[in-house]
Amino acid sequence: MTTMNWILRRRSRAIELQTLLVLLTLTISVFSTGAVLVHTQDEFHEATKDLKPGDEITLANGTWRDFEIVFEGQGTEDQPITLSAETKGEVIISGRSNLRIAGEYLIVKGLVFKDGHSPTNTVVSFRRTKGQLANHSRITEIVINRFNNPERHETDFWVMMYGKHNRFDHNFLAGKSNKGVTMAVRLDSPESQENYHQIDHNYFGNRPVLGSNGGETLRIGTSKYSLSDSFTRVEHNYFERCNGEVEIVSSKSGGNTFNGNVFFESQGTLTLRHGNGNTIENNVFFGNGIAHTGGIRVINKRQTVRNNFLYGLRGFRFGGALVIMNGVPNSPINRYHQVEDSVIENNTIINSAYIELAAGADEERSAPPISSTFSKNLIHNSQNPVQITVHDDISGVTFSENIINISVDPAIQYGFKAASPRTTVTRHENGLIYPTHGLEDIGVSRDFNVLQRDETGPDWYPKPNTVVPFDSGESIPLSPGENILATAIEQAKDGSVFLLADGDYLVPQTLVIDKTLTIRGEKQGGAFIRFERNSLFEITDGGLLRLDNLSISGDVSPDMAGNSLIRTSRRSMLSNYRLIIENTTVQNLDTNHSFNVLSIAKHTFADTIEISNSSFENITGSILQLNPEIDDLGIYNAEYVTISNSKFRNVGGSVANLYRGGTDESTFGPHFVLMDSTLENVGLGKRNKSQASIRLHGVQDASIVNNSLTSSAPIHVSETVGDPVTSVSNNKLVDTPDHKVVPFVRTP
Ligand code: CA
């Protein structure tokens, strides 16, 4: 029977019954004992007043706006109480909405949360109030898609598990881009400890870089209750590009199992941060060579890391493929407990960059791992060898029967056998890599079953690609004329490319970019753009902009202070944007003071800003003004800023002013590169508060090399936090003060 037929039949049956059972109100349709189809919030409240075991409440198809669902009742194991959708995927919960469940043996399934956000701090909660929890209950096949608080740094959570013996399975959670962990298991009362929850077959989709702490995807427990056991099983979940911050999953309680999950191109690690007796087995980490992709980080006692496959992970320091930490002697509950009685065996680590042993050793973290074993692991790199770094006395770990294809640190050499030069590896049908011959009991098991993406989430809800790449859509030729660009942009599809014929383009309004667009001149410099508003472009949520082969002038822009060629939305943005400027000339942004190339608002975030082969001349403001987050909360505005092969002449402000304040260490960026570029008379405008041609504060990775600076303000870099890497070298300075780099000194 087709779905439509089924719905029609069911509807007609409901109508027949309505006619028969006159005692019932006309608006509530009953189609079997205790089964009620509700069409309005009032009907829902009426129907759920006094739920009995076996009751089934069904929400009618359609959009339910501003619906705070409370579902409470005492079901039984044989007769649970169910809340479901008339048709899975066709019941949309939008606006200011959320769901709380409380009681015993409840089931909720098939709802879609989108186009809205929770008015409280949680979208889906396994409790009604602090004292009314859910137990033995299940939430399955629900979708939470970009259901974000509109304020990027307003904290909320999508799923909070309380109580005991609950299951969260086959759900779709993607696109969380405001602050706050996507899903958390809470242990803050005895009623929620030793909970035996099951979190399985969920699709945890893209979580973009947050640019601050609070971007974890899953957390189990908190440091305060971390010596309690949770016994939560996290099994067969797919984590795709969960890049929020350094921790993808943070286990902060005991007795948890992470089994059979896939971490696909996700930046960060699965961290056993607090709590003892956890097991990580049969998981796959596919980093595929992407920066900051990490594996497993181990802290505490009685941890088991077995039969995991880790591939192409580029993360370093605490974000490496495998990191075993040093502890703090008699550690307070929120610091680092020593690694003890732990087992690391039969893992396969291929083409990954870093393995860190006794990581974080310093005056405070002075207790190295003890009474632990590291055996039968296969470590193999086909190109750059993995770096295994031993940071402290590692004699408390027994190494045995490990196979590796490079030589290792003398301290652990005894436990490694160099693979014979003829040992090669091959990919098996399951997608994993094994030694071509022999070594049967080394590395992950031969019968390893790798979870597929389509085994997770509701099967009726598509898993989209989240960002439409540049130049992926159609090419649209444009000729000069009035208002040409505004109309074209409005009508264009995501990924489109405008090809501008030679000639003058006068733009009378600000062009709003809310999709992926490339604007490209047919011949270099032939398309000449001028603009009459205080900004030519405004990037808003969903916008990615690439400018190529253009010539742009600000000479007809208004005579007002603070214009910009490009600005972000003036409000908080949830989507991360990208901006590329290449082969382009920008000049005469000088109708008044403080005319910037890019001006951004607080609580906006760029994944990448790239400038290459371009020139900028006669500009009263700055090129990239990236410093509005002045609260020093570890929040910043751009992950990768790269400038190469470009010329900057007569610029009053700085080429880049990139600021990341605070002492938090939960993020990887910002990253900054300036190379092969020339600066002449840059940074000397009297309104340039930074008094620098390049001003970097709190940048984690900075490279300023092979540039030439003439008659310009100095380069000024302040390292402030983390493990910053700064390289300022091979720059030619003429009539320009020497650069100033203030290094970070860690205080124990
Ligand atoms: Ca964190």
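**Reading a calcium site, salt bridges and a sheet**

Reader: How are the donor residues of the calcium ion spaced in sequence?

Author: The spacing is N-x2-E-x28-E. Donors are N, O and S atoms within 2.8 Å of the metal (3.2 Å for Na, K and Ca); water is not among the atoms, so sites may look incomplete. This is a predicted model: local features need pLDDT of at least 70, side-chain atom pairs need 80 or more, and totals for chains, interfaces and linings use all residues. Numbering starts from 1 along each chain as its sequence is written, and side-chain values use heavy atoms, leaving out hydrogens and water.

Reader: Which protein atoms are donors of the calcium ion?

Author: They are Asn-213 (OD1), Glu-216 (OE) and Glu-245 (OE, listed twice), 2.4 to 2.8 Å from the ion.

Reader: Is Glu-216 buried or exposed?

Author: Buried means under 20% relative accessible area, exposed over 50%, partly exposed in between (1.4 Å probe, protein chains only). Glu-216 has 9%, so it counts as buried. Asn-213, at 29%, is partly exposed.

Reader: How many salt bridges are there?

Author: A salt bridge puts a side-chain nitrogen of Lys or Arg within 4 Å of a carboxyl oxygen of Asp or Glu. The structure has 34. One of them joins Glu-582 to Arg-546, with the closest N and O atoms 2.6 Å apart. Both residues are buried. Shared partners join Asp-471, Arg-520, Arg-546, Asp-548 and Glu-582 into one network.

Reader: In what order do the nine strands of the open sheet run?

Author: Strands are DSSP runs (E, at least two residues), numbered from the N terminus. Two strands pair if DSSP finds at least two bridges between them. The order is S49-S52-S55-S58-S61-S64-S67-S70-S73, with parallel pairing. S49 and S73 are the edge strands, each pairing on one side only.

Key:
Helices (H or I, at least four residues) and strands (E, at least two) are DSSP runs, numbered from the N terminus.
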